[in-house]
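Subject: Structure for you to look at

Hello,

Please find the structure below, with the sequence alongside. My notes on it follow.

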Amino acid sequence: ATPCAALAIAACLALPASLAWAAERTGTLAVDNITCALCPLTVSKAIESVDGVRDVAVDLDSQRAVVRYDDAIATPARIAEAATLSGFPARPVE
């Protein structure tokens with residue numbers, strides 16, 4: 001192997017298993033109690049506070065949140081819990 005290839009292989013082997021298999025995911029949550037224009041901001045802030053969340057978009061009309069996250073750090077359940085604890089019960093949808 002070339003020196004560059006050997007370094008790349010060594011770098012991959014040195015990563016913790018959680019990082020080696022990490023993947024960016026996108027999930028959707030159904031969110032209750034979204035009734036006004038400020039609600040999506042509150043839900044977004046709560047979800048963004050979860051480690052591993054990369055991006056969130058909350059829609060007032062559909063009462064849905066689309067979340068992009070690192071699955072080695074965040075889980076849909078933990079993301080939904082953050083919204084729920086902020087007063088907006090949420091659950092993952094398929």
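Which side chain meets that of D32 in a salt bridge? The side chain of R91 does, with N and O 3.3 Å apart. D32 sits in the loop between β1 and α3 while R91 belongs to strand β4 (residues 90-93), so this salt bridge ties together parts that are 59 residues apart in sequence. D32 is partly exposed at 28% relative accessible area, and R91 is partly exposed as well, at 40%.

Please keep in mind that this is a predicted model.

Overall layout

The protein has 94 residues, of which 28% count as buried. Its 4 helices and 4 strands follow the order α-α-β-α-β-β-α-β from the N terminus. Of the contacts with a separation of 6 or more, 62% are between residues 24 or more positions apart. The exposed surface comes to about 5900 Å², and carbon and sulfur atoms supply 60% of that area.

The hairpin

Strand β2 (residues 53-59) pairs with strand β3 (residues 64-70) in the antiparallel sense, over 6 bridges. One of the partners is A65 in β3, which bridges to V58. The hairpin has 4 residues between its strands, and Q63 takes a positive phi there, near 55°.

The core

In soluble globular proteins, nonpolar side chains tend to be buried together. Here the largest nonpolar core has 20 residues, and those with the most contacts inside it are L29, V31, V43, I47, A65, V67 and I79. The elements giving two or more residues to this core are β1, α3, β2, β3 and α4 (76-85). Helix α4 gives the most, with 4 residues.

A65 is worth selecting in the viewer. Apart from neighbours within four places in sequence, A65 contacts G27, T28, L29, V31, I47, V56, A57 and V58. Two of these, V56 and V58, are also touched by S44, a residue of helix α3. S44 counts as buried because its relative accessibility is 12%, under the 20% cut-off.

More salt bridges

The structure holds 5 salt bridges. Besides the pair described at the start, there is one between the side chains of E24 and R68, at 3.0 Å from N to O. E24 is in strand β1 and R68 in strand β3, 44 residues apart. Both ends are partly exposed, E24 at 49% and R68 at 29%.

R54 and D70 form another, with their closest N and O atoms 3.0 Å apart. This pair joins strand β2 to strand β3 across 16 residues of sequence. R54 is partly exposed at 45% relative accessible area, whereas D70 counts as buried at 10%.

Cysteines and the loop

How many disulfides are there? The count is 0. The cysteine sulfur nearest to that of C36 belongs to C39, 3.5 Å away. A disulfide needs the two sulfur atoms within 2.5 Å, so this pair does not qualify. C36 is partly exposed at 35% relative accessibility, while C39 is buried at 8%.

Is T35 buried or exposed? T35 is exposed, because its relative accessible area of 67% is over 50%. T35 lies in the loop between β1 (24-31) and α3 (39-48). T35 and D61 are 26 residues apart in sequence, and their C-alpha atoms are 8.8 Å apart in space.

Regards

Methods:
Residues are numbered from 1 along each chain as its sequence is written. This is a predicted model: local features need pLDDT of at least 70, side-chain atom pairs count only at pLDDT 80 or more; totals for chains, interfaces and linings use all residues. Side-chain values use heavy atoms; hydrogens and water are left out. Buried means under 20% relative accessible area, exposed over 50%, partly exposed in between (1.4 Å probe, protein chains only). Two strands pair if DSSP finds at least two bridges between them. Contact means heavy atoms within 4.5 Å. Accessible areas come from the Shrake-Rupley method with a 1.4 Å probe; for residues, only the protein chains shown count as cover. A nonpolar core is a set of buried Ala, Val, Leu, Ile, Met, Phe, Trp, Tyr and Cys residues joined through side-chain atoms within 4.5 Å. A salt bridge is a side-chain nitrogen of Lys or Arg within 4 Å of a carboxyl oxygen of Asp or Glu.
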